[in-house]
Amino acid sequence: MTRVLVVEDDPQLVRALVINMQARGYGVDAAPDGATALRLAAARQPDVVVLDLGLPDMDGTDVIRALRGRPRVPILVLSARRGSAEKVAALDAGADDYVTKPFSMDELMARLRAAVRRTEESVPVAGTTRVETAGFIIDLPAKRVVRGGRDVRLTPTEWQLLEILVARPGHLVTQQHLLREVWGVSRSNRTNYLRVYMAQLRRKLEADPAHPSHLITVPGMGYRFEP
Ligand code: CA
């Protein structure tokens, strides 16, 4: 049974979540605050965490950081605010996905299934040596990309970006994370760098660069690699 830890201080929403999750066969624990969440996470070893960012005792991103010290558990964030800053902070702290309130139960359940599936499918980064898509093959140790039987020449910057994205397939990587890792900056006014380099990567790797199927833009947030 897949165990979910729901961290949410709104009792009505907790009740709705618990009923819906149990009806779909999940085992559910609920915590009304961050301290209880961390205690339950240690005691119950959940397979996935659904976390409200607005908690009474702790900042949601601090809960994420504390959970990240544990073996990999996917974290799906519930965000009430419309602005993307809070979501970006949560994703940068290590959340896997977010749902903006108010959300439909069907949407949340779909995201929950996807988060669990990604974790089950994901290969530890250290052990990943080869990434294969319908269009191209990446040999990570050799720093080599082959498309249609031919080597694709990538610049060091293009390679760095690609390497970060393919390390976590299906996972949203924020603009800030990429800027910090590749250029050592995190100012969002440099996102034009990213756009330029992602466009180059798509021209080199995608069958239809205008409609990419592997290097996906998540508007206002970042990018995602789909194998
Ligand atoms: Ca709340």
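Colleague: Where is the place of Gln45?

Modeller: In this predicted model, Gln45 sits in the loop between helix H2 (34-44) and strand E3 (48-52).

Colleague: Why is Gln45 called partly exposed?

Modeller: Its relative accessibility is 48%. Buried requires under 20% and exposed requires over 50%, so Gln45, at 48%, counts as partly exposed.

Colleague: What is noted about the phi of Gln45?

Modeller: Phi of Gln45 is near 50°, which is a positive value in a residue other than glycine.

Colleague: Which loop holds Lys143, and what is its phi?

Modeller: Lys143 belongs to the loop between strand E7 (136-139) and strand E8 (144-147). Although Lys143 is not a glycine, its phi is positive, at about 50°.

Colleague: Why does Lys143 count as exposed?

Modeller: The relative accessibility of Lys143 is 53%. Exposed means over 50%, and therefore Lys143 counts as exposed.

Colleague: What makes the peptide bond from Lys101 to Pro102 cis, and where is Pro102 found?

Modeller: The bond from Lys101 to Pro102 has omega near -5° and is cis. Pro102 is found in the loop between strand E5 (97-100) and helix H5 (105-121).

Colleague: How do you know that strands E11 and E12 pair?

Modeller: Pairing requires at least two bridges between the strands. Strand E11 (residues 215-218) and strand E12 (residues 222-225) have four bridges, in the antiparallel sense, so they pair. Leu215 stands opposite Phe225 in E12, and Thr217 has Tyr223 of E12 as its bridge partner.

Colleague: What lies between the two strands of the hairpin of E11 and E12?

Modeller: Three residues lie between the strands of this hairpin, in which Gly220 takes a positive phi near 75°.

Colleague: What makes E10 a pairing partner of E12?

Modeller: Strand E10 (residues 172-174) and E12 share three bridges in the antiparallel sense. The criterion is at least two bridges, so E10 and E12 pair. One of the bridge partners is Gly222 in E12, which is matched with Thr174.

Colleague: Why is Pro227, in the segment after E12, called exposed?

Modeller: Pro227 is found in the segment after E12, and its relative accessible area is 54%. The cut-off for exposed is over 50%, so Pro227 is exposed.

Colleague: Which residues does Pro227 touch, not counting those up to four places away in sequence?

Modeller: With that exclusion, Pro227 touches Thr133, Pro169 and His214. Each of these contacts has heavy atoms within 4.5 Å. As for Ile19, Pro227 is 208 residues from it in sequence and 34 Å from it in space, C-alpha to C-alpha.

Colleague: How many helices and strands are there in the protein, and why is it as compact as a globular protein of that length?

Modeller: The protein has eight helices and twelve strands. Its radius of gyration is 19 Å, and the globule rule gives 17 Å for 227 residues; the two values are close, so the protein is as compact as a globular protein of that length. Along its principal axes, the C-alpha trace spans about 55 × 35 × 30 Å.

Colleague: What percentage of the residues count as buried, and what supplies the exposed area?

Modeller: Of the 227 residues, 45% count as buried. The protein exposes about 11400 Å², and carbon and sulfur atoms supply 50% of that area.

Colleague: What percentage of contacts join residues at least 24 apart?

Modeller: Among contacts between residues at least 6 apart in sequence, 57% join residues at least 24 apart.

Colleague: How far apart are the mean positions of the positive and negative charges?

Modeller: The mean positions of the 32 positive and 27 negative charges are 5 Å apart.

Key. Residues numbered from 1 in each chain as written. Predicted model: local features only at pLDDT ≥ 70, side-chain atom pairs only at ≥ 80, totals over all residues. Heavy atoms only, no water. Rg over C-alpha atoms; globule rule 2.2 N^0.38 Å. Buried < 20%, exposed > 50% of the residue type's maximum accessible area, 1.4 Å probe, protein only. Areas by Shrake-Rupley, 256 points an atom, 1.4 Å probe, with all protein chains shown as cover. Lys, Arg positive; Asp, Glu negative; His and termini not counted. Charge placed at Lys NZ, Arg CZ, Asp CG, Glu CD.
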